[in-house]
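Please open the model in your viewer, with the sequence panel beside it, and follow the stops below in order. Each stop suggests a selection and then describes what is found there.

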Amino acid sequence: MFRRSFVAASVAASMFAATTALADNHGKDIVDTAVGAGSFGTLVAAVQAAGLVDTLKGEGPFTVFAPTDEAFAALPEGTVEDLLKPENKDQLTAVLTYHVVPGKVMSTDLSNNMMATTVQGSDVTIMTDGGVTVDGANVVTADIEASNGVIHVIDAVILPK
């Protein structure tokens, strides 16, 4: 449904930047860690538009499957702009909370064909065969710890069914 093809060099460079920027953020919460990374501007703007900043700065713990700016850019033209409109706040909230699982789920906790219930209420499917994926999105950087949970960087925006 959505384009999931990326230029490998661009993604690799972006992930290297995200990994470098996210290292040693144990004292920062999930939102501050994402802001500091510099490669999650669209995600942070969407979290702000949905009114979820205070929630994701809360006690948690949370596990966030965080799409990069490149992942959002790969969506069909106009998708992000439409989601950010005030009249689409409920839809935006559903998409964002589909990227969040309650609790702190580290990569060592994952197993092949694992189902995890998201804050949105639907389940995501986690596969570990040949690399970790969440609903088909590749986990490109795992286990970025924050004071209130963990971030796993993914290369695509995942959508509830």
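Begin by selecting Lys57, which at 32% relative accessibility counts as partly exposed, where buried means under 20% relative accessible area, exposed over 50% and partly exposed in between, computed with a 1.4 Å probe on protein chains only. This is a predicted model, in which local features need pLDDT of at least 70 and side-chain atom pairs count only at pLDDT 80 or more, while totals for chains, interfaces and linings use all residues. Residues are numbered from 1 along each chain as its sequence is written, and side-chain values use heavy atoms, with hydrogens and water left out.

**Salt bridges**

Keep Lys57 selected and add Asp29: the two form a salt bridge whose closest N and O atoms are 2.8 Å apart, the term meaning a side-chain nitrogen of Lys or Arg within 4 Å of a carboxyl oxygen of Asp or Glu. The pair links distant parts of the chain, 28 residues apart, with Lys57 in the loop between helix H4 (53-56) and strand E1 (62-67) and Asp29 in the loop between helix H1 (8-22) and helix H2 (30-37). Helices (H or I, at least four residues) and strands (E, at least two) are DSSP runs, numbered from the N terminus. In contrast to its partly exposed partner, Asp29 is buried, at 10% relative accessibility.

Which other salt bridges can be picked out, given that the count comes to 5? One of them joins Lys85 and Asp82, with 3.2 Å from N to O; Lys85 is partly exposed at 36% relative accessibility, and Asp82 is partly exposed at 38%. Another is formed by Glu145 and Lys104, with the closest N and O atoms 2.6 Å apart. Glu145 lies in strand E6 (residues 137-146) and Lys104 in the loop between strand E2 (100-102) and strand E3 (114-117), so this pair ties together parts that are 41 residues apart in sequence. Glu145 has a relative accessible area of 26% and is partly exposed, as is Lys104 at 37%. Finally, add Asp32 to the first selection, where salt bridges that share partners join Asp29, Asp32 and Lys57 into one network.

**The sheet**

Now switch to a cartoon view and colour the strands, 7 of which form an open sheet of mixed pairing in the order E2-E1-E7-E6-E5-E4-E3. Here two strands pair if DSSP finds at least two bridges between them. The edge strands are E2 and E3, each of which pairs on one side only. At the E3 edge, the pairing with strand E4 (residues 123-127) is antiparallel over 4 bridges, and Ala116 has Val124 in E4 as its bridge partner.

Move to E1, where 6 of its 6 residues are buried. What lies on each of its two faces? On one side are Phe62, Val64 and Ala66, and on the other Thr63, Phe65 and Pro67, all of them buried. E1 pairs with E2 in the antiparallel sense over 3 bridges, and with strand E7 (residues 149-154) in the parallel sense over 6 bridges; Phe65 stands opposite His152 in E7.

**Thr63**

Zoom in on Thr63 in strand E1, which is buried with a relative accessible area of 0% and stands opposite Val101 in E2. A polar atom of the Thr63 side chain lies 2.7 Å from the backbone nitrogen of Val105. Leaving aside neighbours within four places in sequence, the residues in contact with Thr63 (heavy atoms within 4.5 Å) include His99, Gly103, Lys104, Val150 and His152.

**Helices H3 and H7**

Next select helix H3 (residues 41-49), whose buried residues are Leu43, Val44, Ala46 and Val47. Seen down the axis of H3, these fall within an arc of 160°, so they line one face of the helix, the arc being that of the directions from the helix axis to the C-beta atoms. What covers them includes H2, H4, E1, helix H5 (69-73) and helix H7 (89-97). Just beyond, H3 is followed by Gly51, which has a positive phi near 75°.

For the last stop, select H7, in which Leu92, Val95, Leu96 and Thr97 are buried. Show H3, helix H6 (79-83) and E2 alongside, since the buried residues of H7 pack against these elements.

Notes: Polar contact = N/O pair within 3.5 Å; in protein donor to acceptor, adjacent residues only side chain to side chain.
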